[in-house]
Amino acid sequence: PEPTGLLIIGNRVTQATPDHRNIRLSLVIPTYCESENIQQMIAQLSQMLDRVLRDEYELIIVDDDSPDLTWKTVNDLCWVYPQLRVMRRQHQRGLSTAVIRGWQVANGEILGVIDADLQHPPETLLQLWAEIHKGADLAVASRHVDHGGVSDWSLGRRFLSRGAQVLGLVILPGIVSRVSDPMSGYFLVRREAIADQVLSPIGYKILIEVLAQGHSRWIAEVGYVFQERSEGASKVTWKQYVEYVQHLIRLRLMLWPVQRFLRFGVVGLSGVFVDMTMFYLFRHLGLGLTLSVILSGEIAIVNNFLWNDRWTFADLAHQQRSWGKGFKRFLKFNIVCLTGLVLNAIIVNLLSRGLGMNEYLAKLIAIAIVTFWNFWVNLKLSWRV
Ligand code: GDD
Ligand code: MN
């Protein structure tokens with residue numbers, strides 16, 4: 001049995017498997033007040049997995065110091081089931097973080113999660129395992145594919161569940177649309193697909209975090225019917241809905257390259273300063289107006305490129321470090337900035353001539369739009385993400 005009260009710091013699952021035995025599957029079962037269910041759950045899973053994986057799996061129960069002493073019940077069962085481990089978390093609550101804690105002490109190459117209350121049918125695990133065996137990085141048990149469903153949910157509950165999914169689709173379309181049941185808490189994932197990524201979910205929906213922060217290329221889905229709870233009660237309250245929305249918003253902000261964009265903006269401002277200074281110098285040296293504009297503009301572009309390459313996009317530039325590639329980035333940056341200039345002129349004309357807007361207001365709006373344009377196209381094209 002695990003030492004009790006163990007608290008692991010950090011929010012990454014490591015790459016290495018500190019294993020002395022040969023564990024292939026580590027299945028985490030998060031529990032809070034499940035002493036009436038856990039015994040049967042462990043019995044069913046053990047019987048099934050003993051047959052398929054012999055001693056090459058482990059069941060890791062992560063209990064948040066349940067007042068009904070679930071952890072103690074499990075601890076006593078460890079004498080009967082050699083593949084069973086239990087962790088009692090004493091200073092933290094929450095389903096998703098409990099799952100990550102379990103994965104952090106896990107030995108297996110394949111990590112998984114299943115509810116303790118028998119609402120996730122254990123047999124489905126074998127199908128998930130088969131999908132991983134075929135090569136999937138992530139195998140999700142889903143209520144919304146063939147052979148999937150819910151037992152007898154009220155219309156209101158179905159509506160709430162689907163509503164939450166639609167909200168996810170609106171806020172994080174690229175992530176939530178990758179699976180039919182993003183709310184599922186029943187799945188297997190290859191350790192390497194999440195290893196060394198920062199996982200810091202809020203609330204219940206660990207799969208969304210795995211989809212957003214991990215890199216699973218091959219995702220498989222297996223249908224299952226969400227069973228009714230016979231013992232104990234669900235821990236879901238309105239708080240879990242609030243946390244879900246918080247989680248979505250946090251991921252949204254993280255996935256938008258906010259910091260990069262701010263840096264790009266700062267560099268842009270430095271460019272304005274360089275441009276003005278150079279323009280002033282050239283004019284005082286007696287150069288013509290147009291020539292001064294062009295020269296000072298190009299010097300500002302060089303300035304911006306160098307700062308962006310060494311700061312804003314330094315991590316990306318680092319991956320392609322030759323002189324030739326650097327020069328290619330510079331040329332692309334130049335071209336993108338030029339298209340930005342053309343776009344700028346078009347927008348000002350449209351807004352001021354077309355809509356009769358004040359010219360300076362039109363120019364401000366154009367600058368804002370062109371800054372976004374320059375940032376995005378350079379990110380995708382010049383530094384290529
Ligand atoms: N350690 C820990 N800490 N476990 C928790 C906590 C917690 O704070 N809260 C809940 N759990 C455990 C429960 O004991 C149970 O084993 C599992 O997490 C799911 O909790 P329920 O309260 O039964 O959730 P549900 O029935 O609404 O299930 C929903 O969420 C699941 C997430 O795993 C559905 O959306 C499922 O499809 C989904 O799988
Ligand atoms: Mn449940």
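Visitor: Which exposed residues does the face of α9 turned away from its buried side carry?

Guide: In this predicted model, that face of α9 carries the exposed residues Trp238, Lys239, Val242, Gln246 and Leu253.

Visitor: Which residues of α9 are buried, then?

Guide: The general idea concerns the turn of a helix. An α-helix has 3.6 residues a turn, so residues three or four places apart point the same way. In α9, the buried residues are His247, Leu248 and Leu251. They cover an arc of only 95° around the axis, which puts them on the same side of α9. What covers these buried residues includes α5 (155-171) and α8.

Visitor: What span should the 18 residues of α9 have?

Guide: One counts 1.5 Å a residue, and for helix α9 (residues 238-255) the expected span is 26 Å. The end C-alpha atoms of α9 are 26 Å apart, which agrees.

Visitor: How does one read α1 by the same approach?

Guide: Begin with length again. The 16 residues of helix α1 (residues 38-53) should span 22 Å at 1.5 Å a residue, and the end C-alpha atoms are 21 Å apart, which agrees. Next, consider burial: Ile38, Met41, Ile42, Leu45 and Leu49 are buried in α1. Seen down the axis of α1, its buried residues fall within an arc of 90°, so they line one face of the helix. On the other side of α1, Gln47 and Arg51 are exposed.

Visitor: Against which elements do the buried residues of α1 pack?

Guide: They pack against β1, β2, α2 (70-77) and β3 (84-88). Just after α1, arginine 54 takes a positive phi of about 45°.

Visitor: How many of the ten residues of α3 are buried?

Guide: Ten of the ten residues of α3 are buried, so α3 is largely enclosed by the rest of the structure. Among them are Leu95, Arg101 and Trp103. The buried residues of α3 pack against β1, β2, β3, β4 (110-113) and α8 (206-213).

Visitor: How many residues surround ligand 1, and which are the closest?

Guide: To read a binding site, one lists the surrounding residues and then sorts them by element and by class. Here 24 residues surround ligand 1, and the closest are Pro30, Ala98, Ala116, Gly185 and Lys235. The elements that give two or more residues to this shell are β1 (25-31), β2 (57-63) and α3 (95-104). By class, the shell has eleven nonpolar, six polar and seven charged residues.

Visitor: Which residues does the UniProt annotation "transmembrane region" cover?

Guide: An annotation comes from a record, and one may set it beside the computed model. The unreviewed UniProt entry gives residues 288-308, 329-348 and 360-377. Over residues 329-348 the chain is 100% helix and 0% strand, with end C-alpha atoms 28 Å apart. Over residues 360-377 the chain is likewise 100% helix and 0% strand, with end C-alpha atoms 25 Å apart. The unreviewed entry in UniProt also lists residues 263-382 as "domain: GtrA/DPMS transmembrane". That span is 89% helix and 0% strand, and its end C-alpha atoms lie 16 Å apart.

Visitor: Where is methionine 278 placed, and is methionine 278 buried or exposed?

Guide: A single residue is read by its element, its surroundings and its contacts. Methionine 278 is in helix α10 (residues 258-284). Methionine 278 has 19 other C-beta atoms within 10 Å, and a residue counts as buried at 20 or more, so methionine 278 is partly exposed. Leaving aside its neighbours within four places in sequence, methionine 278 is in contact with Leu295, Ser296 and Ile299.

Conventions. Residues numbered from 1 in each chain as written. Chains lettered and ligands numbered in written order. Predicted model: local features only at pLDDT ≥ 70, side-chain atom pairs only at ≥ 80, totals over all residues. Near = placed C-beta within 6 Å. Helix = DSSP H or I, 4+ residues; strand = E, 2+ residues; numbered from the N terminus. Nonpolar A, V, L, I, M, F, W, Y, C, P; charged D, E, K, R; others polar. UniProt positions renumbered as here; feature names shortened; annotations may be inferred. Expected span 1.5 Å × (residues − 1). Buried ≥ 20, exposed ≤ 12 C-beta atoms within 10 Å, placed from the backbone. Arc of directions from axis to C-beta. Contact = placed C-beta atoms within 7 Å.
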